[in-house]
Structure formats: C-alpha cells, structure tokens
Amino acid sequence: MTAFAPGRANLIGEHTDYNGGLALPFAISEGVTVRAEPLAGSRIEAVACDLEARDSFSFGQARAVPGWRAFVRGAVAELLRAGFRLRGARLAISGRVPRGAGLSSSAALEVSLCLALLGVSGLTEGDRIELAKLCSRIETEWVGAQTGLLDQLASLLGERERALRIDFRSLEVTPVALELEGHKLVTLDSGERHANAASGYNQRRAECARACELLGVDSLREVTLPDAERLPPPFAQRARHVITENERVHLTVSALQRRDLSAVGALLDASHESLRDCFQVSTTAVDAAVARLREAGAIGARLVGGGFGGHVLGLLAPGAAPPRDALEVRPGPGARLL
Ligand code: GLA
C-alpha cells in the first residue's frame, strides 16, 4: 500500500487563507510518498528514508515531539480522534519536495501519511475537505504552526492542468484552466530556509486577528480599504495586503479566462510588492531571487508560501531560458493511493 501526496505552488493569493479570503494554488508533481505495511497490534514503526531516522510508538502513548516525528504522531492521533479505527503499521516515508521551501512539504507529508494509514487499515477516507481540516490540525496542534487550509486543500484536490480557485469563507473550490500560451511557471530557491512555526508566520496571523478585533469583525474578508486605513500601523498595512490580494486573485482568474498573460504577470508583481511592503514577509534573499527571475525573462514574479525565505515563483515569457537551478511547475493531480 503506497500513498503519494503532492506539494503545491500558489499562483496568487498569499496569507489570505486564514483571513477567509481567496487563493489560486495548484498541486505540483513533487511530493511525499508513504509506503505502509500492516503491523499487529496498535504499534506504529516509522522510518524517514531521506533522514535515515526512525520512530516507534503505540496508539495512545504518542506525545508531541519535534521534527518529522510530530507529523507521524499527529496523523495517527488526529485520525483516531476523528473516529477512524486504525490498525498498526510500518511506514516508510520518502519525499522530493524541498523542505522549508514554500512548496508545502508539510502538507504533502500530512496528507500522504493520512492516506497511507487509512489505506493500510482498509478504511475509506471520506470527504476530502474534512480530511484537509484534519491534516491542518496536525500542523496547528502537533507541529505548532498556525497555518490555514491552503496547502492541504491544494494537495488533496489538485487537478491536472488546472489551478484551484479556493474561497476560504465558503470553502468552495472551483478549478480554473491554467493555459499559459507558451509561458512557463518556474520556481527558484532563495536559498533561505524557513520553518512556519518558528518564523514570523504566527505573528502575522496574530496581527490579522488583532486587526479584526479592532474593527469588530470576524474576518478581514468583511473589511473595506477605507476601514483598513483607519487602523494604526502595522495593522492597516496587514489588512491592506489581504484586501488587495483577494482582489488580485479575482483579477487573475479573469485574466486567465481571457488568456491575458501579461495581466497575470503584472498581478504577480503587484502581489510581491504588497507581500514585501505591506505584509512584510519578504527578505533580501527572496527579493534577490525575484530579481533573478525577472532578469531571466519573467514577466511577473513573487514570493510563494508563508515567506521569510523559501521559493519564489515566476511567469517566464515564451522562449525565455529559465535559470539553471529553476524548477518548472505544472498543475498535476491531487493525493492518491498508487
Ligand atoms: C503557508 C501556510 C498556508 C498559507 C501560506 C501563505 O504555506 O501553510 O496556510 O497561509 O503560508 O499564503
């Protein structure tokens, strides 16, 4: 029994998921594979092949531990808590998503662990949106990063050749054809690693929550720009980013529908500027990677994921040669049993 879950790129819509906003991610072909064999009793034996590291524990005895082990223990505990009658298993984890790179190695790991554990126990997974929420609890409660649902939904619901327009207020997911007219989407590593739990991610999330409190609303989706401008710094800037980023997602979907790739490029640039200047999640290394993509012929480029390091994404004009260390990303299918 082998499960595979992809990482994701996000065309646009950053730091909007936990603000009830809009995003346009897609699953990529790089991901995490978990091979599972049944084991008698209620014991889990896990090996992280790339790290040459092991863990073993029994159901009910799992406590929070650092690193990759938190994901395995969290997956087992959250599935049990949700009422799935798991069997013991031996798990072998291997992956090809660069860790801490903003391509969501964490969600790929959570999702493939859950599919493998359910599969080896002979259980059906049920609704994928519910499974995405369960996977997100692994991250918030066991790993300590207060992330939203962007990565898990993209990994579970990904479709070949389509991005997913996700409305995080209603959890409505609409596939959008990603026809690039000869352009290429590529990612480039800024060389700076981030860990969501330790970076400023949780702080940004708290700032958005505080902005809502000050305005007396439940989510920044309900806020208009003039309301946001009344907030003191840095809350006004944080809210401005979220409001304008939602609008950019909306405009990107329309631009894709009219196949207006130069408009998409301009929106990617505007997203990066807003993430850098208003949301303040870029770094010198990330800005330098964006500049390298532009020099290579990108008509738009921006940081992707939580920020504070990781990868950047660029839209390369037809015929432009990507930098040698760039990775072309294309929308592929979501998580599955192989
Ligand atoms: C990380 C989180 C997501 C999302 C992005 C920013 O990838 O895991 O939930 O908030 O950052 O858009």
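Start by selecting the side chain of Arg8 in this predicted model, where an N or O atom lies 2.9 Å from an oxygen atom of the ligand. Keep the ligand displayed and add Asp17, whose side chain places a polar atom 2.6 Å from a ligand oxygen. Next show the backbone of Gly148, since here a main-chain N or O atom is found 2.9 Å from an oxygen atom of the ligand. With these contacts on screen, switch to a surface view: the ligand taken alone would expose 310 Å², and the protein buries 98% of that area.

Now widen the selection to the whole shell, which comprises 13 residues around the ligand, with Glu14, His15, Asp17, Asp151 and Tyr201 coming nearest. Colouring this shell by residue class separates three nonpolar, six polar and four charged residues. If you colour by domain instead, you will find that domain 1 (2–173) and domain 2 (182–328) each supply at least three residues to the shell.

Leave the ligand and turn to a sheet. Select strands E2, E7 and E8, which make up an open three-stranded sheet in the order E2-E7-E8, with antiparallel pairing. At its edges are strand E2 (22–23) and strand E8 (172–177), each of which pairs on one side only. Then isolate strand E7 (residues 162–167) together with E8, and follow the six bridges over which these two strands pair in the antiparallel sense. As a last stop, pick Arg165 and look across to Thr174, its bridge partner in E8.

How values were computed. Residues numbered from 1 in each chain as written. Predicted model: local features only at pLDDT ≥ 70, side-chain atom pairs only at ≥ 80, totals over all residues. Heavy atoms only, no water. Near = heavy atom within 4 Å. Polar contact = N/O pair within 3.5 Å; in protein donor to acceptor, adjacent residues only side chain to side chain. Areas by Shrake-Rupley, 256 points an atom, 1.4 Å probe, with all protein chains shown as cover. Nonpolar A, V, L, I, M, F, W, Y, C, P; charged D, E, K, R; others polar. Domains from an automatic or database assignment. Pairing = 2+ DSSP bridges. Helix = DSSP H or I, 4+ residues; strand = E, 2+ residues; numbered from the N terminus.
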